[in-house]
Amino acid sequence: MAKVYLLAHTPSPEHTVASAAKLCYSSSNITGLRENLTDESAAKFVEMLAEIGHESPIEHASFTFGIEGVSRALLAQITRHRMASFSVKSQRYVREGAFEYVTPPEIEAVPEAKEIYDEIMAEDQKRYDRLTEILKEKHLKMFLEEGKDEKTANRMAEKKAIEDARFVLPNACETQMIMTMNARSLMNFFKHRCCNRAQWEIKDVADQMLALVLKVAPELFKSAGPACVRGACSEGKMTCGKAKEIREFYEGLKNNG
């Protein structure tokens, strides 16, 4: 299942955000912005920004995550958050030999469904391998006829074969990525993806990400989470109706951070 790592972040993220906010309301020059800026005063600046809805200063703090053990289906969802940078394991350049895959919990819980699911994954692997072999044979012949040496021809034929063979790989196919977001984008991400109505896999990733950033910037993210953590549910008639339980869960997450 998904595993998330916080690989890097802006040093002293709350001080950086506070410095940016201080600049907006102070006559101090750049070098003087951090003078007398303590953890307590930085926290007050961050709290003030949340109260008045001044969000642009929090864009100056960024966080980089390593995410592994997730499906290509999740990739399609997470890249919809466009204010982010992504580097993803390529199926075009990396051959999927005995590919790993993600099994949804609902399928895992039913033995008959799990058996069928595993059979489909095994069949997909066979078809992918066979398709790669057929295409590689065709491309190898072409590259050799063009005068390429055998080593180069093999490498080029393999790459060209898997470029098209990957089309048969399932959404379940496991991938990994590195993703960077600024704090403002993360707040938006948490609002949508920590919600109970979010798809289970991306909600799990979002919850892990939130737990990690709370450890390095607790004041900055103390109100992060789905909309119902801060006020009313934003889902209208589609609400899950479990606001109390959700608030308790995220309160516990923040206390453990």
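Is Y250 buried or exposed? Y250 is buried, since its relative accessible area is 1%. I begin with this residue as an entry into the structure, which is a predicted model. I shall speak about helix packing, aromatic pairs and three individual residues.

Let us stay with Y250 for a moment. Y250 forms an aromatic pair with F249, with 4.8 Å from centre to centre and 90 degrees between the planes, and this pair is edge-to-face. F249 has a relative accessibility of 42% and therefore counts as partly exposed, whereas Y250, at 1%, is buried.

Both residues also take part in a helix contact. On the side of α10, F249, Y250, L253 and K254 meet K203, D207, L210, A211 and L214 of α8. By class, the residues of this contact between α8 and α10 are six nonpolar, no polar and three charged. As for geometry, two packed helices are described by the angle between their axes and the distance between the axes. The axes of α8 and α10 cross at roughly 40 degrees and come within 9 Å. Angles under 35 degrees would count as roughly parallel, so α8 is oblique to α10.

Helix α8 has a further partner, α7. The axes of α7 and α8 come within 9 Å as well, and they cross at roughly 135 degrees. Because of that angle, α7 is oblique to α8. The crossing of α7 past α8 is left-handed. Which residues of α7 meet α8? They are L186, F189, F190 and R193, and their counterparts in α8 are I202, K203, A206, M209, L210 and V213. The contact of α7 with α8 divides into eight nonpolar, no polar and two charged residues. K203 and L210 appear in the α8 list here, and they were also named in the contact with α10.

I turn next to the aromatic residues. The count of aromatic pairs comes to six. One of them joins F190 and F221: the ring centres are 6.1 Å apart and the planes stand at 80 degrees, so the pair is edge-to-face, the cut-off for that class being over 60 degrees. What does this pair tie together? F190 belongs to helix α7, residues 183–193, while F221 is in the loop between α8 (200–216) and α9 (227–230), so the pair links parts that are 31 residues apart in sequence. F190 is buried at a relative accessible area of 0%, and F221 likewise counts as buried at 0% relative accessibility. F190 and F221 also belong to one aromatic cluster, together with F63 and F189.

A third helix contact lies earlier in the chain. Helix α5, residues 111–145, packs against helix α6, residues 150–165, at an angle of about 140 degrees, and their axes are 7 Å apart. Only an angle over 145 degrees would count as roughly antiparallel, so α5 is oblique to α6. This crossing is right-handed. Among the α5 residues in the contact are Y128, L131, L135, H139 and F143, and the α6 residues include E150, A153, M156, A157, K160 and I162. By class, the contact of α5 with α6 contains 13 nonpolar, three polar and five charged residues.

Finally, I come to the three individual residues.

The first subject is T175, which is located in strand β4, residues 174–182. T175 is buried, with a relative accessible area of 3%. Which residues does T175 contact, leaving aside its neighbours within four places in sequence? They are I67, E68, G69, V70, S71, R72, V88 and K89.

The next subject is P104, in the loop between β3 (84–88) and α4 (105–108). P104 counts as partly exposed, at 22% relative accessibility, because buried means under 20%. Beyond its neighbours within four places in sequence, P104 is in contact with Y117 and W200. P104 and M1 are 103 residues apart in sequence, yet their C-alpha atoms are 9.4 Å apart in space.

The last subject is S234, found in the loop between α9 and α10 (243–256). S234 is partly exposed, with a relative accessible area of 47%. Its C-alpha atom is separated by 9.4 Å from that of K191, although S234 and K191 are 43 residues apart along the chain.

To close, I return to the opening residue: Y250 is buried, and its edge-to-face partner is F249. Thank you for your attention.

Note on methods. Residues are numbered from 1 along each chain as its sequence is written. This is a predicted model: local features need pLDDT of at least 70, side-chain atom pairs count only at pLDDT 80 or more; totals for chains, interfaces and linings use all residues. Side-chain values use heavy atoms; hydrogens and water are left out. Axes are lines fitted to C-alpha atoms, for helices over the stretch in contact, and angles run from 0 to 180 degrees between N-to-C directions. Helices (H or I, at least four residues) and strands (E, at least two) are DSSP runs, numbered from the N terminus. Angles under 35 degrees count as roughly parallel, over 145 as roughly antiparallel, 65 to 115 as roughly perpendicular and the rest as oblique. A crossing is left-handed if the near helix is turned anticlockwise from the far one by less than a right angle, and right-handed if clockwise. Contact means heavy atoms within 4.5 Å. Ala, Val, Leu, Ile, Met, Phe, Trp, Tyr, Cys and Pro count as nonpolar, Asp, Glu, Lys and Arg as charged, and the others, Gly among them, as polar. Rings of Phe, Tyr and Trp (its six-membered ring) pair if their centres lie within 6.5 Å; planes under 30 degrees apart count as stacked, over 60 as edge-to-face and the rest as tilted. Buried means under 20% relative accessible area, exposed over 50%, partly exposed in between (1.4 Å probe, protein chains only).
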